[in-house]
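Reader: I am new to this structure and would like to know how its labels are earned. Could you take me through a few of them?

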Amino acid sequence: MLLRHTPKEVKEREGLTINPAKTCQPIGAMYAALGIHGCLPHSHGSQGCCSYHRSTLTRHYKEPVMAATSSFTEGASVFGGQANLLQSIETIFAVYDPDIIAVHSTCLSETIGDDLQQITKKASDDGKIPEGKYVIYASTPSFVGSHVTGYANMLTGIAEQFAQSTGEKKDQINIIAGWMEPSDMREIKRLSKELGVKIVLFPDTSDVLDAPQTGKHVFYPKGGTTVEELKSAGDSKCSLALGCISAEPAAIGLDKKCRVPFETVDMPIGLSATDRFIMSLSKAAGVEVPDEITAERGRLIDVMTDMEQYFYGKKVALFGDPDQLIPLTEFLLDLGMKPVHIVSGTPGMRFEKRMKEILQRIPGANFKNGLNADMFLLHQWMKNEPVDLLIGNTYGKYIARDENIPFIRFGFPILDRIGHSYFPNVGYTGSLRLIEKILGVLMDRQDREAPEEKFELVM
Amino acid sequence: MEAMKQYPDPSRIREELVQKYPAKVAKKRTKSIVINDPESIPEVQANVRTVPGIITQRGCSYAGCKGVVLGPTRDIVNIVHGPIGCSFYAWLTRRNQTRPETPEHENYITYCFSTDMQEENVVFGGEKKLKQAIQEAYDLFHPKSIAIFSTCPVGLIGDDVHAASKEMREKLGDCNVFGFSCEGYRGVSQSAGHHIANNGVFKHMVGRNNEVKEGKFKLNLLGEYNIGGDAFEIERIFEKCGITLVASFSGNSTVGQLENSHTADLNVIMCHRSINYMGEMMETKYGIPWMKVNFVGAESTAKSLRKIAEYFDDAELKARVEEVIAEEMPKVKAIIDEIRPRTEGKTAMLFVGGSRAHHYQDLFTELGMTTVAAGYEFAHRDDYEGRHVLPNIKIDADSKNIEELKVTADPELYQPRKTEAELEALKEKGLEINGYEGMMKQMMKKSLVIDDVSHYESEKLIEIYKPDIFCAGIKEKYVVQKMGVPLKQLHSYDYGGPYTGFVGATNFYRDIDRMVNNPVWKLIKAPWEKAGNGKGTELEAAYVTQ
Ligand code: SF4
Ligand code: SF4
């Protein structure tokens, strides 16, 4: 047993987090910044944070993840990191020549109290930012929130620091992507095109973190939302924020700065959430939903009805991030499954409220988020009430193996499988893929464990 | 040497590498890029700050302390005191394998423990939460030891992890609780963390159990972290030779082994950078000499075994070692003979760690491959130039802050295992007793040696040299591969290994053969790109029958 010390009996903990279901803000900020074209993320702190964030993103994507660091030493920690950041800006523009440097803070620079706004202003006053180039920033202390908060903070910084309103509205809609994969962003673009809606999607990590092998390393890959697009976001008719935790803050920021009204919808994972996304987008743009999309939906629901017996009543444990867990849980319920244990390390009342509403259909379901809502607790719950399926990031495989439970990788980080960068989980097609995966592991288990006389040819 | 002739003059290459840097940066970097001459080794600037803004391979002191040195011991509960990220990223990502005695024995390596510091802890102090966390860990697991690791904010807000640990150690009674001030900003790289870890392990663990175990030839294996099962292979060889391993620092180790390690009669050191402090301190306090060895490479393994036998100076052991070598080598040779024609003459670059960039050159040599450039991520001058430069190394502000333990001979336990004269005699025979000659002596004349290579420099090097393989870590892996050059990860081994000993060497040969000869590298261009894509391409159709 790999997690042999996890006891069945649950005891309240206050000081110790074990096997966290979250990580820290800057990695989210780094990921969001990679979705801007020509942007180099910069970690303002000591080298370790940057190295860890790059490594984790690299393991998840199997792609180059470029980012620089202020390389604090003890001196910087005592006297403040201004000199380090100014030198970084100078070095980066000289050596790596990005269009944008997106600076995020770390625990260290936050504890010292470095003021990123003031330092970037100084860099600009000192002429360290070349003409036509930008340095943007976001405050991302990890002792608040989680990696999801960091993503939201950087995205808000991007929206607020780039968007401009010229006073003339454009016939376009902003789609502010919550933390999703490049494949998901690509799918959002495809669906919008199918609907005939012109969108500005940000961030957009497709063609950045799923770059083709060409024999050349392109430091700033072709993908990513451009500065032009970001500027024009201030003139869009409205914004759709996909996710109340990771995307909505940017929509609010944009509304405050440029008066762009917004609607927050769930990330389109599963049937109902995709329905709502399509409805909202078609309404906002004033377009009809084309038959092709109705047919896509039809194919999804067709499989749901055809295979209903394999889902119905199956118990599921899941962990991950709020904006994915909300629609995913709802989808599992639509499939007739029973999500009985759910944890997310990301705090937030909004999330708690939504989950409680959704879980009303499952009396007695265990749900916890925020402090001490970790995978250790989830595992203990699973020992007390076993489940048929576990859904979560790669770290779930240790629980799945110990408890002999079918497991689907979903969320961040996925360190041991590929696919998430290439095949979406959003939209009707993405949901179909999710179903295929769920069926696959459930049926593989049935095939493996059925007595010989009950081994089925047709399923 | 033949291979070098195809490249431009190395001093021109050096100029090109720093050309794009701002003047001050260029000046600084130039001192870390040297042209090797094994006969008269030039000085390399190493263990200095990375220029802010430079994309570096380096990590932090916490990574070196918790991740590298303490992480592999399976029965310590390692609690990271700080915000969540630091602990999360070090969770199982280093691949230090471990094999508990039974399925019931303790193993906490699969767990990640953190105090998940919140804003109020940063503002009002986190010691209370830390003590609470220690108590909870104790109540849940009753471990023998709990170690506490400080991350960046902890030092700044003034939490005293040592006092908190002491208080809890006294309160709990049967649990050895101790702390490390390994905040990420200390030093200039992981290296500071290694030193801090050595100090802590030495102070709080070594020497706690004086029971002398059975065994005629007892040694500790220092600086071997069992990545990919490396220590397992060395353990297998030791056992076959009749050598007793008291403790590994720290691959596949237990608290008990480390606490008993001072009863060994020799320390052999694999990774000099991360653990040489331990070797020195144990020599001073207990009289145990240390010796540099290398079990990476089949020939190097044989050589290291012979050195160990020479040290113990026992005819039976020497004979046994020869028997083992004679038994193992033919299998290795058979595989080399098959593979070498496909790897001969190819070139490699290694930029990694504090010892691997040196050790792995032996394996490439065995494959007939040439190392054209190499460097460490976080080593010091002695790892490049040899320990004789130690007295000349300037201690700068960044190193000064790292504690040097004052160690003296233990009044009861100090017992020199060899007399001065015996040690001298062994050195005469070529044993690196209490010494290390460094990487450069072994590298070709005119090869490039680069400390803390930057991303920019690596790309340039690849453009210029077009090596057949590049060795580095995960952050570099896909960048280099996008350039069409296979990258071998020498931290995680690309999830393969072991690469030590005789079995490991053959694993490595096969992996390198696969990587440099894999047909996939030739498929990168689409056929239409090769054919000029649509330009002047008439369909070359022909009828099947005339
Ligand atoms: S938690 Fe803070 S100190 Fe740790 S890796 Fe994240 S940003 Fe860095
Ligand atoms: S071999 Fe390299 S990676 Fe391993 S501990 Fe030594 S320096 Fe670190």
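Reader: What makes the pair A:R186 and A:D207 a salt bridge?

Author: This is a predicted model, and in it the N to O distance between the two side chains is 3.2 Å. The cut-off is 4 Å, so the pair A:R186 and A:D207 counts as a salt bridge. A:R186 sits in helix α8 (residues 182–195) of chain A, while A:D207 belongs to the loop between β7 (199–202) and α9 (227–232) of chain A, and the two are 21 residues apart.

Reader: Why is A:R186 called partly exposed?

Author: Its relative accessibility is 35%. Buried means under 20% and exposed means over 50%, so A:R186, at 35%, falls in between.

Reader: How do you know that B:E167 and B:K131 form a salt bridge?

Author: Their closest N and O atoms are 3.0 Å apart, and the limit is 4 Å, so the label fits. B:E167 is in helix α8 (residues 161–172) of chain B and B:K131 in helix α6 (residues 127–141) of chain B, 36 residues apart. B:E167 counts as partly exposed, at 40% relative accessibility, and B:K131 counts as partly exposed too, at 22%.

Reader: What makes B:K307 and B:E432 a salt bridge?

Author: The closest N and O atoms of B:K307 and B:E432 are 3.9 Å apart; a salt bridge needs them within 4 Å, so this pair qualifies. B:K307 lies in helix α13 of chain B and B:E432 in the loop between α18 (420–428) and β12 (448–450), so the pair ties together parts that are 125 residues apart in sequence. Both B:K307 and B:E432 are buried.

Reader: How many salt bridges are there over all chains, and which residues are linked in a network?

Author: The count comes to 73 over all chains. A network of salt bridges links B:E233, B:R236, B:K240, B:E327 and B:E328.

Reader: How do you know that the span of helix α10 of chain B agrees with what is expected?

Author: Helix α10 (residues 230–241) of chain B has 12 residues, which at 1.5 Å a residue should span 16 Å. The end C-alpha atoms of this helix are 17 Å apart, which agrees. Among the buried residues of α10(B) are B:F232, B:E233, B:I237 and B:F238. The buried residues of α10(B) pack against several elements of chain B, including β6 (218–224), β7 (244–250) and α21 (501–517). After α10(B) comes B:G242, with a positive phi near 85 degrees.

Reader: And what is the reach of helix α4 of chain A?

Author: Helix α4 (residues 82–95) of chain A, with 14 residues, reaches 20 Å from its first C-alpha to its last, close to the 20 Å expected. Its buried residues include A:L85, A:I89, A:I92 and A:F93. Just after α4(A), A:D97 has a positive phi of about 45 degrees.

Reader: Why is A:I418 called exposed?

Author: A:I418 has a relative accessible area of 66%, and exposed means over 50%, so the word applies. A:I418 lies in the loop between β14 (407–409) and α18 (427–449) of chain A. Together with A:Y422 and A:F423, A:I418 forms a nonpolar patch on the surface, with about 350 Å² of accessible area.

Reader: Which residues touch the most other members of the largest nonpolar core?

Author: That core has 266 residues, and those touching the most other members include A:F277, A:L390, B:I146 and B:Y509. Helix α14 (residues 315–343) of chain B gives the most to this core, with nine residues. A second, separate core has 49 residues, among them A:L40 and B:F470.

Note on methods: Residues are numbered from 1 along each chain as its sequence is written. Chains are lettered from A and ligands numbered from 1 in the order in which they are written. This is a predicted model: local features need pLDDT of at least 70, side-chain atom pairs count only at pLDDT 80 or more; totals for chains, interfaces and linings use all residues. Side-chain values use heavy atoms; hydrogens and water are left out. A nonpolar core is a set of buried Ala, Val, Leu, Ile, Met, Phe, Trp, Tyr and Cys residues joined through side-chain atoms within 4.5 Å. Buried means under 20% relative accessible area, exposed over 50%, partly exposed in between (1.4 Å probe, protein chains only). Helices (H or I, at least four residues) and strands (E, at least two) are DSSP runs, numbered from the N terminus. The expected span of a helix is 1.5 Å times one less than its number of residues. Patches are made of residues with over 30% relative accessible area and no salt bridge: like charges are joined within 9 Å, nonpolar side chains (Val, Leu, Ile, Met, Phe, Trp, Tyr) within 5 Å. Accessible areas come from the Shrake-Rupley method with a 1.4 Å probe; for residues, only the protein chains shown count as cover. Contact means heavy atoms within 4.5 Å.
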